[in-house]
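The following exercises concern a single protein chain. Please inspect the sequence and the structure before working through the solutions.

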Amino acid sequence: MSSFLDNAPEVMYGNTIHKNNGYDPGSYTYYPIAIIGAGESGIAMGCRLKEALGFDQFRIFDRQAGIGGTWWINRYPGVACDVPAIFYSFSFCPNPKWTTFHPSGPEIVKYLHGVCDKYQIMDKIQLNTDVRECKWLEEEQVWEVKLQHLMTGVGDLSEYERSQKIQEHGRESIYMSEETIRAKLLISGVGGLVEPKVWPEEIPGKDKFQGRIFHSARWDYKVDLRNKDIIVVGTGCSAAQFVPILTKQYGAKSVTQLMRSPPWVVPRQVPLFGEKGWEEWSPWLCSNVPGFAKAVRLLIAAGLEYDWRLFGSEDYHAKERKKLEDQLLAHMKRTVPKKYHQILQPDYGVGCKRRVLDATWFLGLNDPAIELTTQPLTSIGENTVTIGPGRTYPDPADTTSSAPSHEVTLPADVIILANGFQTTKWLHPLDITGRGGKKLHDVFEERGGPQMYMGMALDGFPNFFTIFGPNTATGHSSVIMASENMVNMALKFIKPMIKGDVALTEIKKEAEIEWARDTQSALKKRIWTTGGCRSWYQTEEGWNSTVYPYSQIWFALRCMFPTWSDWDITYTRKGQAKKSAMKVLNTLALVAVIVGGVKLRRMLQGRNLIALLKTYIRVTFMAGAGLLQTAASRVE
C-alpha cells in the first residue's frame with residue numbers, strides 16, 4: 001500500500017515549518033524564515049510578514065526571558081523613552097492611549113506585547129534561546145543555525161556574566177540543551193544597546209570591595225539602596241534618568257556621579273497642552289478625532305528631522321549649532337548650581353555625541369545629597385572609592401579652571417556602572433559563516449570596520465538580512481521609524497522568495513564596498529568627526545559604524561525605491577518563466593501603444609482632437625487588453 005511519504009525527497013524545504021529526519025542524529029527543524037531577536041525590529045518583521053505578505057511560517061528566537069529587546073533588559077529606575085511615544089511606535093500599529101508623552105519602559109514593553117497579541121505572533125516567539133552559530137550551506141542553499149536552550153532567565157545576563165557563571169558553576173548552570181535548525185531566510189534583529197561595557201580593568205581593588213557592583217542595564221533590585229553611599233560611573237542618557245530619583249525615591253544617603261566629559265543637555269520636548277493636559281486629552285483626541293494622531297506624529301517627525309541641520313560641516317551648520325549651543329548653555333546656567341557651570345560646558349559641537357534629552361537630571365543636581373565631579377575613579381577599597389588626583393574635564397592644564405582635581409576618598413556601599421554598551425561590536429557574539437567558510441566579523445576586519453549595504457546586507461552572505469545594522473542609527477530621530485523602513489525594504493526581496501520565484505538574494509560586492517566608502521567619506525564631513533569629540537559611535541581607530549550620514553528622509557526613500565541593479569537575484573525556473581512572460585507582456589503593451597498612435601495620427605487630419613483622443617484611448621486599451629489577456633493566458 002503506497003503512502004504520501006513514499007515520494008518525499010530526502011531533503012525537503014519549501015514554505016512550511018516541518019521536522020526532517022525524525023530520530024536521526026542529524027535531525028533538524030526547518031523554518032522558511034528564522035528571525036534573531038524579539039525586540040522592536042524582530043517584532044516589526046514578524047508583524048509585517050503576516051500583514052503585508054500573509055505569511056506566518058517563521059520563528060523568532062531571543063535569548064532573553066521576555067519580549068522587548070532593549071526595553072526588556074534595561075529596567076533601571078526611571079527608564080523612559082526620550083522620543084515622544086506617538087512617534088516612537090509602529091506606523092502600522094499606533095497606540096492612541098499612551099498615558100504620557102514620554103512613557104516609561106514598562107509601558108513601552110506593554111505596548112510591544114500588545115502589538116504581538118494584535119498580530120498573533122506571540123506563539124511565534126521562542127525565548128530563553130541563544131542563537132550562537134549560523135552557517136550557510138552552499139549545496140543546499142539554506143542556513144544551518146545552532147541554538148542553545150538556556151536555563152530560564154540566564155539569557156538576561158550579559159555575555160561576560162554568563163561566561164563567569166560557567167567558570168564558577170559549569171555549563172549546566174547556563175545551558176539545558178542544544179538544537180540545530182535550518183532556514184531559507186535568516187533575519188537579524190539584534191539590537192545595539194544590550195551588551196553592557198564591563199568593569200574598567202585598569203581600576204584596581206574590585207576584588208576587595210565589600211559592596212555591590214552592577215551595570216544600570218542589569219539593575220539589581222535585590223540591593224537595598226536606603227541609607228547607602230552610591231557611586232555612579234557615567235553621565236549618559238540612562239544615568240540622567242535614574243540618578244535624580246536615587247535619593248528622593250530610593251532613600252540613598254549620598255550619590256557621587258563621575259563624569260568624564262559633559263554631554264550637551266537638551267530640555268525634553270513639552271507636548272501640546274503641556275504634560276498634564278496631554279495626559280488628560282490625548283487619549284480622547286487620538287481615539288476620536290480623525291487624523292489627529294497622524295498629524296501630531298508628522299509634526300514631531302518634521303521637527304526632529306529639522307535637527308539634521310546640526311550635523312553638517314559647512315558655515316550654515318556651524319551657525320545653527322552655535323545658536324542652539326548658546327540656548328543650551330543659558331538653560332544649564334539657569335538650572336544647575338554655579339559650582340557645576342565650568343564642568344557642564346562642553347568643548348565640542350552639539351550633536352558630536354548623543355545629546356541627553358532631559359527633564360530631571362539638571363534639576364536633580366540641586367539636591368545637596370547628589371555630587372557631580374570630573375575627578376576620575378582611581379582605586380577601590382573595601383567600602384570606599386578614591387577619586388583623583390587629576391580630573392578628566394576641563395583639561396588639567398587649564399589653570400583658569402577651579403574644578404577640583406585633588407585626591408579624595410569617599411565612602412561607598414554600591415557602585416553603579418552607567419558607562420554604556422559595546423556598540424561597535426556588531427552582531428557580537430554571533431558566529432556567522434557565509435560562502436566559502438568566510439566569517440562575518442573577518443569580513444568586517446578586512447574591510448576596515450563593521451559595514452553592510454543599507455545596514456542590512458553583506459556580499460557572501462546570501463538570503464541574510466539585518467534590521468538596524470551598521471550605520472543606520474539616526475542621532476536625531478526615531479529608531480523605530482528607521483527599523484520599519486528597513487523591514488519594508490527587506491519585504492520587497494522576501495516576497496518573491498516565499499512565492500517560489502527567487503532562490504537567492506545577495507548584495508553585489510562592488511555595491512556594498514561603494515556604499516561603505518561613501519558612508520565613511522560622508523561621515524568625515526559630519527559633526528561626529530569634525531566636532532572635536534570622541535564618542536561611542538566610533539572605534540578606537542576612528543571607524544564610525546553607528547550613525548547614518550544623511551537625512552532620514554533620504555534613507556526612507558532609498559528603502560522605498562531600492563536600487564535593484566545593486567543586487568544579485570537568482571530566479572527559480574518558475575520565477576524565470578514569470579520574468580520572461582512579463583517582458584513579453586511589456587513588449588506587447590508597448591506595441592499596442594505604438595499601433596494606437598499610428599492610427600491616431602491617420603485619424604487626426606481635419607477632425608476634432610478631443611473626440612479623437614477619446615477614441616484613441618478606447619481603441620488602445622481594447623487592443624492592449626486583448627493582447628495582454630491572450631499572452632497572460634499562456635503564462636500559467
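**Exercise 1: Surface and overall layout**

The protein chain exposes about 30,500 Å², of which carbon and sulfur atoms supply 55%; accessible areas come from the Shrake-Rupley method with a 1.4 Å probe, and for residues only the protein chains shown count as cover. The model is predicted: local features need pLDDT of at least 70, side-chain atom pairs count only at pLDDT 80 or more, and totals for chains, interfaces and linings use all residues. Residues are numbered from 1 along each chain as its sequence is written, and side-chain values use heavy atoms, with hydrogens and water left out.

Task: determine what percentage of the 636 residues is buried.

Solution. Step one is the criterion: buried means under 20% relative accessible area, exposed over 50%, and partly exposed in between (1.4 Å probe, protein chains only). Step two is the result: buried residues make up 53% of the 636 residues.

**Exercise 2: The nonpolar cores**

Task: identify which residues have the most contacts inside the largest nonpolar core.

Solution. A nonpolar core is a set of buried Ala, Val, Leu, Ile, Met, Phe, Trp, Tyr and Cys residues joined through side-chain atoms within 4.5 Å. The largest such core has 120 residues, and Leu344 and Ile494 have the most contacts inside it. Helix α11 (residues 479-498) gives the most to this core, with 12 residues; helices (H or I, at least four residues) and strands (E, at least two) are DSSP runs, numbered from the N terminus. Apart from this core lies another, of 26 residues, among them Trp426 and Phe461. In soluble globular proteins, nonpolar side chains tend to be buried together.

**Exercise 3: Glutamate 159 and a cis proline**

Task: find which residues are in contact with glutamate 159, leaving aside its neighbours within four places in sequence.

Solution. Contact means heavy atoms within 4.5 Å. Under this criterion, the partners of glutamate 159 are Arg132, Glu195 and Pro429. The glutamate 159 side chain makes a polar contact with that of arginine 132 (3.2 Å); a polar contact is a pair of N or O atoms within 3.5 Å, where within protein one must be able to donate a hydrogen and the other to accept it, and residues adjacent in sequence count only if both atoms are side-chain atoms. Proline 429 follows a cis peptide bond from histidine 428, with omega near 5°.

**Exercise 4: Positive phi**

Task: is methionine 454 buried or exposed?

Solution. Methionine 454 has a positive phi near 55°. Its relative accessibility is 1%, so methionine 454 counts as buried.
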